[in-house]
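Here is a friendly walk through one protein model and its ligand. Please have the sequence and the 3D view open as you read.

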Amino acid sequence: MTADPALRTHEPPPAPAPRKRAPAAATPAAEERVTPMMAQYVEIKAANADSLLFYRMGDFYELFFEDAEIASRALGIVLTKRGKHLGQDIPMCGVPIERADDYLQRLIGLGHRVAVCEQMEDPAEAKKRGAKAVVRRDVVRLVTPGTITEERLLEPARASLLVAVARRKVSDDEHAYGIAAVDITTGVFQVVETARAGLGPTLARLEPREIVLADTLHDDPDLAGVWREIGAPLYPLPRDGLDAASAERRLKETFGVATLDAFGAFTRAEIAAAGTVLAYVERTQIAARPALRPPAREDASGSLVIDAATRANLELTRTLSGERAGSLLAAIDRTLTPGGGRLLAERLAGPLTDIAAIRARQDAVARLVEDTLLRDRLRERLASTPDMSRALGRLALDRGGPRDLAAVRDGLAAAKGIAALLGEAGDLPAEIEAACRALRDLDPVLEARLAQTLADELPLSKRDGGFVAQGIDAALDEARALGSDSRRFIAGLQARYAEETGCRTLRIKHNAMLGYYLEVPAAFGEELLRGPLKGDYIHRQTMSDAMRFTTLELGELERAIASASERAVAIELSIFTDLAAMLAAERPTILAAGDALSAIDVAASLADLASERAWSRPKVDDSLAFLVEDGRHPVVEAALAREGKPFIANACDLSGENAGAIAVITGPNMGGKSTYLRQNALVVVLAQMGAFVPASRAHVGVCDRLFSRVGAADDLARGRSTFMVEMVETAAILNQATRRSLVILDEIGRGTATFDGLSIAWAAIEHLHEDNRCRALFATHFHELTRLTERFARIDTLTLKVAEHAGQVIFLHEVVKGAADRSYGLQVAKLAGLPLSVVARAGEILAELERTEREHPRAARLDDLPLFAAPVRRAPAPAPPQPARDALREVLGALDPDEMTPKEALEALYALKAAAKVGAS
Ligand code: ADP
């Protein structure tokens with residue numbers, strides 16, 4: 001892809017510069033002398049050492065030295081050389097301006113940051129300062145994962161959140177964490193405060209593209225696990241400049257207010273986080289300022305807490321392998337606008353706990369389920385509604401083009417149409433009514449002026465001109481007419497010159513080097529050079545068979561055309577600026593209308609889904625009910641439907657008066673246990689986000705937290721198969737689940753030996769029943785656990801029905817009361833194609849093991865356990881002391897006297913003494 005470097009720049013090649021060394025060495029030798037341009041490059045690069053520098057030269061961004069090597073490897077573009085220094089080449093590669101977006105995307109995706117350095121003046125200006133003067137350049141923007149604004153680099157239906165985390169002490173041993181999330185593409189700005197335990201779940205909900213934080217937080221070992229789990233790139237900022245006073249000042253300056261009270265009462269941690277995020281926006285956007293909305297404070301207790309592991313496990317917005325396809329979001333997303341897509345994802349990621357708010361959303365969906373006609377009409381309008389918020393975001397940053405103006409124009413037109421539709425719809429539920437009011441608040445002049453001003457066909461860049469319609473601006477029309485008149489005039493000139501010279505093949509042509517010229521065959525040219533017309537026709541070029549001339553008249557015309565088109569573009573740019581300013585002044589109402597369209601889109605899309613799939617409106621209240629009839633798993637159901645297979649609907653009831661019930665589920669592998677567990681968890685998520693649920697009836701007492709854990713054996717997809725992880729996650733549940741939580745445990749205790757595993761699973765269920773008292777579903781292959789029903793009132797057993805036919809197992813996927821009589825492991829193994837000899841041999845071994853078990857049943861031994869293990873649990877017996885002799889033996893056994901230096905021998909002696917002491921105490 002590399003063109004000849006000489007063709008693409010207006011400047012001489014950079015002189016060789018020393019690699020990775022300051023160029024301005026004292027009294028440099030001749031070959032070490034640095035050209036002014038390289039000096040400029042090195043200085044700018046030094047100020048942006050952690051970014052790849054895109055250095056603008058004409059129509060290319062060039063990269064030099066190490067940056068060039070990195071970029072050429074990452075992008076697969078040819079590494080060239082440019083000049084030498086001390087016998088060494090300067091590596092260089094370049095990307096053409098018009099394809100810069102693609103390259104940026106790939107570099108950002110690979111974790112690089114890019115500093116974009118532009119020419120800040122016309123090269124002609126620089127030349128006026130002297131032949132050697134360099135064009136002024138400066139970095140205008142740092143491109144980082146959280147600050148991308150290019151349409152092509154953004155996922156339309158996903159927010160692009162830059163998140164800052166700050167920490168403030170609230171008591172001697174407690175910290176509050178402030179989290180500020182900004183989407184510079186839409187202006188969204190939210191802040192929230194949480195305790196340490198809420199940090200992970202809150203960040204997991206936001207799915208940040210990038211996290212900025214003070215270096216002290218970045219380096220805190222206690223938080224390393226949180227950052228790892230979230231997986232977003234981190235950018236530490238030095239703590240200086242992030243103090244409380246600077247944060248508050250930044251916020252006030254950004255929003256031009258004297259006090260922050262108008263936005264709500266922020267905590268210190270929230271202000272600190274908001275200040276940090278603004279500092280980073282300033283740092284990356286340099287002179288440009290995104291149009292942020294005033295910060296909106298969120299109540300951390302207002303949403304269902306779902307930690308990162310649970311989100312991943314339930315595959316809410318991404319599958320375990322990180323894709324959107326196959327997630328719950330993909331299965332329910334029928335939105336038609338990018339903004340609607342973002343809102344749906346946001347609601348799915350952060351279901352509510354406020355019952356009134358949930359019901360308000362349900363009302364909107366319900367209304368559109370009933371009113372099919374209104375829904376269809378709305379969806380028809382929404383289908384052609386562009387992304388106004390992001391278009392406005394680009395315009396605010398001065399990165400917008402004519403098509404962004406058109407996006408706002410079309411969005412405003414859609415808003416008008418939808419407001420009219422809703423106006424005829426009679427009584428509306430509160431959410432839709434509010435949206436409708438926001439749409440009516442729009443000033444009709446905005447759309448009218450855009451519609452009138454913009455041409456039908458729009459160029460990508462405003463600098464190309466041609467986007468303003470005819471008849472808008474008299475001066476513009478005149479300049480354009482001059483351009484086209486001149487062209488007509490040139491055609492007239494050609495005829496006149498042909499007659500004057502007698503050369504019928506005379507043509508007036510144009511190229512970049514000569515501008516307009518006239519061309520005649522060589523023989524005629526000679527005549528013109530000598531003949532009577534020689535004063536009028538000025539020779540420019542001799543070709544092999546033709547000669548080129550110009551005339552004074554042609555020169556004048558050329559200047560007129562050029563200046564007319566320059567004038568036209570200048571007028572168009574000023575009209576663009578006016579339109580952008582008009583929209584900027586109305587930004588709050590336009591953004592509110594955009595949000596309203598998104599809310600209508602979400603309600604209509606959920607209604608569409610609900611009516612097509614026969615989903616029902618769940619009853620949501622503050623009870624401890626959890627009742628689902630004919631529940632289905634939306635993703636598994638859709639996957640089966642593609643294969644023409646039915647999904648077997650199943651009920652679930654964990655309702656309790658004062659505490660939740662627990663269902664222990666057994667059944668063969670592949671029976672459908674995991675599917676059943678997850679579909680019930682998804683009912684909670686869908687119900688609390690205000691959607692309908694895949695069931696014929698559902699009643700959900702609002703949950704505060706949702707936990708879902710998969711035993712180690714099943715968790716390989718996340719690359720975390722260790723038993724330790726499973727135990728850490730189980731510990732988190734047992735420590736955090738409240739009476740309002742819903743817990744889903746799938747095969748806990750599988751990652752260790754049978755007795756260990758069974759004991760842990762048993763004790764965990766006891767704890768859930770006695771201490772957490774939450775609603776829970778517990779799938780297990782330990783059949784012994786079904787005996788817990790005999791001891792605990794609120795534990796029930798369920799199993800997945802299987803039929804056997806001619807030695808083959810058939811999974812019916814039907815959940816029924818009771819326990820599985822056996823595991824059907826051999827049948828499943830046979831289905832999987834294990835060699836028949838192995839299956840037969842396993843059958844023999846199983847028969848033998850079962851005989852032993854019949855004679856000394858393990859379950860009977862479990863019956864001997866104390867009925868309520870609580871006292872034992874609360875005061876665990878002290879661990880038996882380690883025999884001292886063993887410790888001594890170990891140390892002694894490890895010694896090799898023949899290999900030891902005297903110093904090592906002495907140290908060993910001390911170690912032995914220490915071991916003896918531990919044993920004695
Ligand atoms: P388990 O956890 O018991 O091993 P899964 O829940 O993973 O079983 O289910 C195994 C497969 O069975 C699923 O991939 C799905 O194809 C099918 N399945 C599960 N539940 C149902 C159901 N209710 N109706 C129809 N097919 C089901």
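## Strands, hairpin and ligand site

Leu162 has Glu210 as its bridge partner in β10. That bridge belongs to a parallel pairing, in which four bridges link strand β7 (residues 162-171) with strand β10 (residues 210-214). Strands count as paired if DSSP finds at least two bridges between them.

A word on the source: this is a predicted model, in which local features need pLDDT of at least 70 and side-chain atom pairs count only at pLDDT 80 or more, while totals for chains, interfaces and linings use all residues. Residues are numbered from 1 along each chain as its sequence is written, and side-chain values use heavy atoms, with hydrogens and water left out.

Both β7 and β10 sit in an open sheet of six strands with mixed pairing, ordered β11-β10-β7-β8-β9-β12. At its edges are β11 (234-237) and β12 (296-297), each of which pairs on one side only.

Further along the chain, β26 (residues 795-805) and β27 (residues 808-817) run antiparallel and are joined by seven bridges. One of the residues involved is Thr799, whose bridge partner in β27 is Val816. Two residues lie between the strands of this hairpin, and Ala806 takes a positive phi near 50° there.

Now to the ligand. It is surrounded by 14 residues, and the closest are Ile648, Met670, Lys673, Ser674 and Thr675; a residue belongs here if one of its heavy atoms lies within 4 Å of the ligand. Six residues of this shell are nonpolar, seven polar and one charged. Helix α25 (residues 673-688) gives the most to the shell, with three residues. Helices here are DSSP runs of H or I with at least four residues, strands are runs of E with at least two, and both are numbered from the N terminus.

Three polar contacts (pairs of N or O atoms within 3.5 Å) are listed here:

| Ligand atom | Protein partner | Distance |
|---|---|---|
| nitrogen | Ile648, polar backbone atom | 2.8 Å |
| oxygen | Met670, polar backbone atom | 2.7 Å |
| oxygen | Thr675, side-chain N or O atom | 2.6 Å |

Taken alone, the ligand exposes 560 Å², of which the protein buries 79%; these areas come from the Shrake-Rupley method with a 1.4 Å probe.

Finally, the whole protein. How many helices and strands does the protein have? There are 33 helices and 27 strands. The C-alpha trace spans about 130 × 90 × 70 Å along its principal axes. Of the 921 residues, 50% are buried, meaning under 20% relative accessible area.

Conventions: Polar contact = N/O pair within 3.5 Å; in protein donor to acceptor, adjacent residues only side chain to side chain. Nonpolar A, V, L, I, M, F, W, Y, C, P; charged D, E, K, R; others polar. Buried < 20%, exposed > 50% of the residue type's maximum accessible area, 1.4 Å probe, protein only.
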